[in-house]
Amino acid sequence: MAASVMSLPVATAAAQPELSGSTVEYSVLARDGVRVDSVTRVVRAAGGTVRSANAVAGLLTVTAPENGFAERLASVPDVLYTSRTVPIGHAPTTRALADENAVEKENRTGVAGQGQKRAAPVGMDPLDGQLWGLTSVRSDLSRTVQAGDRRVKVGVLDTGVDGSHPDIAPNFDRVLSRNFTHDIPVDENGNTVDGPCEFRGCVDPANWDDGGHGTHVAGTIAAAANGLGVSGVAPRVSIVNIRGGQDSGSFFLQPVVDAITYSGDAGLDVVNMSFFVDPWLYNCQANPADSPEQQAQQRTITTAMTRALNYAHRKGVTQVVSLGNQHEDNGDPHDDLSSPNFPVGTTHPRDIDNASCLVLPIEGPNTIGVSAYGPSGAKADYSSYGLEQISVSAPGGFFRDYFGTPLFRTNENMILSTYPKNVGIAEGTIDPATGEITPDGVALGVQKACRGTVCGYYQFLQGTSMAAPHATGVAALIVSEYGRYTGRGVSMDPDDVQTVLENTAFAKPCPTPRTVDYLDEGRDDSYTATCAGTTEFNGFYGNGNVDAWAAVTNGEQYLN
């Protein structure tokens with residue numbers, strides 16, 4: 001955030017309404033140019049307690065009585081918005097489609113077939129033969145000239161990363177990793193949020209993941225090429241956990257903003273963001289269907305996220321974001337029938353104005369949007385698309401790919417990556433007594449790989465959340481190959497990283513015909529998609545499929 005305007009007087013809270021009711025949590029956002037400590041004094045004068053603050057974004061998390069506090073701040077010049085705190089996002093595994101169970105674990109909603117397991121290519125890890133995405137982006141070739149540099153730091157903003165997983169541990173940066181969340185057992189109404197705290201103080205260690213989503217993402221980016229299990233797209237770069245998601249999968253504004261600005265302050269090179277924004281699928285400036293308080297919530301989220309994303313970009317962070325699993329054209333959004341999904345019972349239908357409503361973080365500034373395709377190369381049924389936000393495409397998995405063949409609805413159409421043992425035990429796919437895969441786990445394709453007494457576990461998922469880390473891995477290789485090395489660090493302008501990523505992507509034209517339905521695959525008309533654009537740039541694949549080999553061998557020509 002900009003430096004304080006020193007001529008501004010310190011504002012005081014008007015002695016307006018009486019404070020009453022139970023203590024609740026608020027997000028308070030400072031105006032541009034106003035220092036956080038100035039707003040802190042105002043908050044205290046109004047009867048609030050500051051729990052945390054981010055000076056860059058001008059965002060404070062505050063507790064105060066539920067009645068009267070927001071009204072007291074409404075006339076304070078230094079305060080831009082005051083709104084009740086709500087989760088701003090979910091890992092996609094927790095958000096169900098309107099007519100289907102969650103996208104990412106679709107193979108758990110019915111009987112999944114088992115495809116043929118291929119042997120790993122020479123020089124690859126034992127399970128890499130099942131990683132069609134790895135060869136699709138040509139990481140098997142790129143690592144022969146550039147496998148990544150440990151000085152390149154890749155942040156995973158997600159539900160956490162299991163830093164003890166034997167395929168993650170060799171590349172896990174414990175010193176820089178942070179958990180910006182604290183567990184919330186129940187909400188203010190007694191509803192379960194994260195459940196019982198596993199660790200004293202209700203803060204998980206920075207190498208822990210209770211959801212499995214972040215660990216899967218991290219493995220796709222940079223699982224070590226160590227002769228065990230799987231390897232990542234960039235198997236020698238460093239993974240930094242910058243956790244912003246709760247155990248439940250919810251993403252609250254303050255931890256997310258803190259994680260993004262930290263990525264800039266810590267000198268991270270690339271950050272992967274694979275989560276959906278809630279409780280508002282679209283954050284609108286002034287949707288007439290929303291109450292004034294709901295409008296303030298959305299404006300607070302949009303402004304704080306914009307400030308954080310801009311700050312990280314200025315500090316040299318390349319920000320890669322999943323395009324979304326809403327199977328819609330991001331430039332022509334559907335009506336919103338699912339927001340807000342928190343608190344329970346407040347959902348109401350909204351017409352969406354594309355010009356004033358944003359899906360975040362994908363529609364925030366300085367982000368690289370990634371769509372998903374399946375092993376046949378077809379756009380995945382769930383993947384959002386459109387010319388407005390897309391940058392590139394990458395392997396995300398497509399469970400229903402290859403309709404009409406034995407490969408239809410097989411686990412191997414999805415993306416295999418690292419799986420925390422604690423999550424497998426909780427989900428009933430790993431036997432806690434023996435450590436072996438249970439029959440349910442076998443049916444879902446969960447796998448165990450060992451080298452001596454050291455064992456790791458692996459699961460199949462699909463989604464644009466799985467596509468983004470493939471692109472993140474290629475971005476990390478670009479920094480490794482072309483970045484400026486100074487001592488123990490490396491830097492590269494994010495705009496240059498994006499230029500190389502896009503220009504070395506393998507151009508893929510729209511299908512013929514351009515309109516694709518997924519009726520045979522069992523989807524309804526809402527999934528039907530029309531691909532606009534040219535071979536060089538279109539709404540299904542953007543600038544093309546990311547290509548690690550081309551990026552590290554042919555990217556220099558695109559740099560000034």
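The paragraphs below go through a predicted model, taking its sheets, helices, cores and a few single residues in turn.

Begin with the open sheet of 7 strands, whose order is 7-8-6-10-13-15-16 and whose pairing is parallel. Strands of a sheet are held together by backbone hydrogen bonds, in either a parallel or an antiparallel arrangement. Which strands stand at the edges of this sheet? They are strand 7 and strand 16 (390–395), and each has a single partner strand, so one side of each lacks a neighbour in the sheet.

At one end of the order, strand 7 is joined by 2 bridges to strand 8 (residues 238–243), and the two run parallel. Within this pairing, Asn179 stands opposite Arg243 of strand 8. Further along, strand 6 pairs with strand 10 in the parallel sense over 4 bridges. Here Val156 has Asn272 of strand 10 as its bridge partner. Strand 10 also pairs with strand 13 (residues 318–322), again in the parallel sense and over 4 bridges. The bridge partner of Val270 in strand 13 is Thr318.

Strand 10 is a useful place to look at the directions of side chains. In a regular strand, side chains alternate between the two faces of the sheet. In strand 10 (residues 270–273), Val270 and Asn272 point one way, while Val271 and Met273 point the other way. Are these residues buried or exposed? All of them are buried.

Next come helices that pack on this sheet. Helix 10 lies across strand 6, strand 10, strand 13, strand 15 (367–373) and strand 16, and it runs at about 125° to strand 15. Helix 11 (residues 494–503) packs on the sheet too, touching strand 13, strand 15 and strand 16. The direction of helix 11 makes about 60° with that of strand 16.

The largest nonpolar core has 73 residues, and the members that touch the most others are Val154, Ile239, Val392, Val474, Ile478 and Val546. Which helix gives the most to this core? Helix 10 (residues 464–482) does, with 11 residues. A second, separate core has 38 residues, including Ile260, Phe275, Ile301 and Ile362. Val546 shows how residues far from one another in numbering can meet. If neighbours within four places in sequence are left aside, Val546 is in contact with Ser136, Val137, Val392, Ser393, Ala394, His470, Ala471, Val474, Leu501 and Ala505.

There is also an open sheet of 3 strands, in the order 17-19-18, with antiparallel pairing. Its edge strands are strand 17 and strand 18 (447–451), each of which pairs on one side only. Neighbouring strands of this sheet are turned by 35° against each other on average, ignoring direction. Helix 5 (residues 213–222) packs on the sheet and touches strand 17 and strand 19, its direction making about 115° with that of strand 17. Strand 17 and strand 19 (residues 454–461) pair in the antiparallel sense over 5 bridges. One of the partners is Leu461 of strand 19, which bridges to Ile415. Strand 17 (residues 415–419) is mostly covered, with 5 of its 5 residues buried.

Helix 7 can be followed from the loop before it to the residue after it. Ser291 is found in the loop between strand 12 (283–284) and helix 7. Why does Ser291 count as partly exposed? The reason is its relative accessibility of 30%, since the partly exposed class lies between the 20% and 50% limits. The C-alpha atoms of Ser291 and Ala206 are 38 Å apart, and the two residues are separated by 85 residues along the chain. Helix 7 (residues 292–314) has 23 residues and reaches 33 Å from its first C-alpha to its last, close to the 33 Å expected at 1.5 Å a residue. Of those 23 residues, 18 are buried, and the helix is mostly covered. Gly316 follows helix 7 and has a positive phi, near 95°.

The last residue to consider is Asp173, found in the loop between strand 6 (153–157) and strand 7 (178–179). Asp173 counts as buried because its relative accessible area is 11%, and the limit for buried is under 20%. The side chain of Asp173 makes a polar contact with the side chain of Lys153, at 2.9 Å. Leaving aside neighbours within four places in sequence, Asp173 is in contact with Lys153, Ile239 and Val240. Ile239 has appeared already, among the residues that touch the most other members of the largest nonpolar core.

Notes. Residues numbered from 1 in each chain as written. Predicted model: local features only at pLDDT ≥ 70, side-chain atom pairs only at ≥ 80, totals over all residues. Heavy atoms only, no water. Buried < 20%, exposed > 50% of the residue type's maximum accessible area, 1.4 Å probe, protein only. Pairing = 2+ DSSP bridges. Core = buried A, V, L, I, M, F, W, Y, C linked by side-chain atoms within 4.5 Å. Contact = heavy atoms within 4.5 Å. Axes fitted to C-alpha atoms, helices over the stretch in contact; angles between N-to-C directions. Expected span 1.5 Å × (residues − 1). Polar contact = N/O pair within 3.5 Å; in protein donor to acceptor, adjacent residues only side chain to side chain.
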